[in-house]
Amino acid sequence: MDAWVETTAKEIAGHAERELEALVGVSSPSGDVPGAEEAVALCVAFAPAEATVERIPCSTPAHADDLVLTLQGGGEKRLLLLGHLDTVVSNEAHRPVEHAGDRLIGSGTVDMKGGVVLAIGVLRALAQRPELFATTSLLLVNDEEWRRGALAHTDRFGDFDACLCFEAGQREAGGEEGVVVKRKAAGTLKITATGRASHSGASPDKGRNALLALATAAQTVAAQHDPQGEDQLSAVPTIMNAGEAFNVVPPSGELYCDLRAERLEAFARVIDALPEEVGGALLEPQLIRQWPGMDAREATRGLLEKATELLGRPVVGAERGGASDASHMAAHVPLTVDGLGPRGGGAHNPDEFVLIASLHSRAEVALAVVAALAS
């Protein structure tokens, strides 16, 4: 293993567990401005003194400003480190860090505050090696989990030489260190049903049942599910709300569906399959979120080969179905690598966790990729 990678990874791991415990101690669900501000303050405190601190408007209105930490140096390339501070867990359900054997359990540990502390550790390491890059910026956003539109910062960082995103890492079947270089496109489909209310006992047939219309829509969407097909389309109904009282024919309602595919264009066939009305209740579909996919397999092949050499064990490109801000950046920065965070599991669930040992091993992976870029 490269000497700088080995020594520096130990330093990062020495701080990472305590920093992760502090950061997870802050509840920061998307849209919670006080929680986001507290998380940002911790990240600034963990950052190297050499970094300039900047707050820039979040992509989503009414959210706390995003954070940019920047180092200037004497190298030639510009490097973007990327992550998010928001979680999907509500304040009421928030779970601070608990130590359980080889795990750190807590809200946002693996998605993605574990990756954030590794990214900050890498930034501290690069503050001691200013000759490696001309500019290194760490962008931490506060709306990744619930953002509907595009990432507003692609224009600012779109001409950087490389982007490294610190979403959760993984290990491949053969034991190789996996980083994410391919992701599916992601969409959120909202279907609104408009019917007519009537008394469900006295005059049930005078109503137009929005709930039944949405149930048909849900089955129609699910019938388009074809993960083994050409577009590897997954179509999953996830939330349905309808009705106002137990004795009234539901006059309105909403259905949400999660869509993933190789291409954004594949979502059109899900919408085209929906009927315009069911039993007199009208259905109105709308794609309220569309995130592009990413495919950096070819662009990153040489980089991962060099990182393998520096790490002393294989670093391989992997695919993942989940969405990430790396997908937005990859459309502008071809040399984009994601999945550089620690390994763990249970994202978005009460028992979400990070494997403690992976804070060290994945710091090694991230540093090997950084060193490969610098070379």
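What follows is a short tour, in questions and answers, of a predicted model.

Visitor: Why are helix 1 and helix 2 called roughly antiparallel?

Guide: Look at the angle. Helix 1 (residues 3–24) and helix 2 (residues 33–46) pack at about 160°. An angle over 145 degrees counts as roughly antiparallel. Helix 1 and helix 2 are therefore roughly antiparallel. Their axes lie 9 Å apart, and the crossing is right-handed.

Visitor: Which residues make the contact of helix 1 and helix 2?

Guide: Helix 1 brings Glu-19, Ala-22 and Leu-23. Helix 2 brings Ala-39, Leu-42, Cys-43 and Phe-46. By class, that contact has six nonpolar, no polar and one charged residues.

Visitor: Why are helix 1 and helix 9 called oblique?

Guide: Again, start with the angle. The axes of helix 1 and helix 9 cross at roughly 140°. Roughly antiparallel needs over 145 degrees, and roughly perpendicular runs from 65 to 115. The value of roughly 140° fits neither class, so the pair is oblique. The axes come within 8 Å, and helix 1 passes helix 9 in a right-handed crossing.

Visitor: What makes the contact of helix 1 with helix 9?

Guide: Residues from both helices do. Those of helix 1 include Trp-4, Val-5, Ile-12 and Ala-16. Those of helix 9 include Ile-356, Leu-359, Leu-367 and Val-370. By class, the contact has 13 nonpolar, two polar and three charged residues.

Visitor: How do you know that helix 7 is oblique to helix 9?

Guide: Helix 7 (residues 297–311) and helix 9 (residues 356–374) pack at about 120°. The roughly perpendicular range stops at 115 degrees, and roughly antiparallel starts over 145. About 120° falls between those limits, which makes helix 7 oblique to helix 9. Their axes are 8 Å apart. The crossing is right-handed.

Visitor: What makes up the contact of helix 7 with helix 9, by class?

Guide: Ten residues are nonpolar, none polar and two charged. Helix 7 uses Leu-303, Lys-306, Ala-307, Leu-310 and Leu-311. Helix 9 uses several residues, among them Glu-364, Val-365, Ala-368 and Leu-373.

Visitor: On to the largest pocket. How much space lies in it?

Guide: About 980 Å³. It is lined by 34 residues. The closest to its centre are Glu-145, Asp-258, Arg-260, Arg-289 and His-348.

Visitor: Which helix and strands each supply at least two residues of that lining?

Guide: They are helix 3 (109–127), strand 11 (234–242), strand 12 (252–261), strand 14 (281–291) and strand 18 (344–345). Strand 12 gives the most, with four residues.

Visitor: How do the lining residues of the largest pocket divide by class?

Guide: Twelve are nonpolar, ten are polar and twelve are charged.

Visitor: What makes the peptide bond from Asp-111 to Met-112 worth a stop?

Guide: That bond is cis, with omega near -10°. Most peptide bonds are trans. Met-112 sits in helix 3, one of the elements that supply at least two residues of the pocket lining.

Visitor: What is the sign of phi at Ala-62?

Guide: Phi of Ala-62 is near 70°, a positive value in a residue other than glycine. Most residues other than glycine have a negative phi. Ala-62 lies in the loop between strand 1 (52–56) and strand 2 (66–72).

How values were computed. Residues are numbered from 1 along each chain as its sequence is written. This is a predicted model: local features need pLDDT of at least 70, side-chain atom pairs count only at pLDDT 80 or more; totals for chains, interfaces and linings use all residues. Side-chain values use heavy atoms; hydrogens and water are left out. On a 1 Å grid over the protein atoms alone, a cavity is a set of points where a 1.4 Å probe fits but cannot get out, and a pocket is an open set with protein on both sides within 12 Å along at least five of seven lines; lining residues have an atom within 4 Å of a point. Grid points are joined across faces, edges and corners, and a volume is the space filled by probe spheres set on the points. Ala, Val, Leu, Ile, Met, Phe, Trp, Tyr, Cys and Pro count as nonpolar, Asp, Glu, Lys and Arg as charged, and the others, Gly among them, as polar. Axes are lines fitted to C-alpha atoms, for helices over the stretch in contact, and angles run from 0 to 180 degrees between N-to-C directions. Angles under 35 degrees count as roughly parallel, over 145 as roughly antiparallel, 65 to 115 as roughly perpendicular and the rest as oblique. A crossing is left-handed if the near helix is turned anticlockwise from the far one by less than a right angle, and right-handed if clockwise. Contact means heavy atoms within 4.5 Å.
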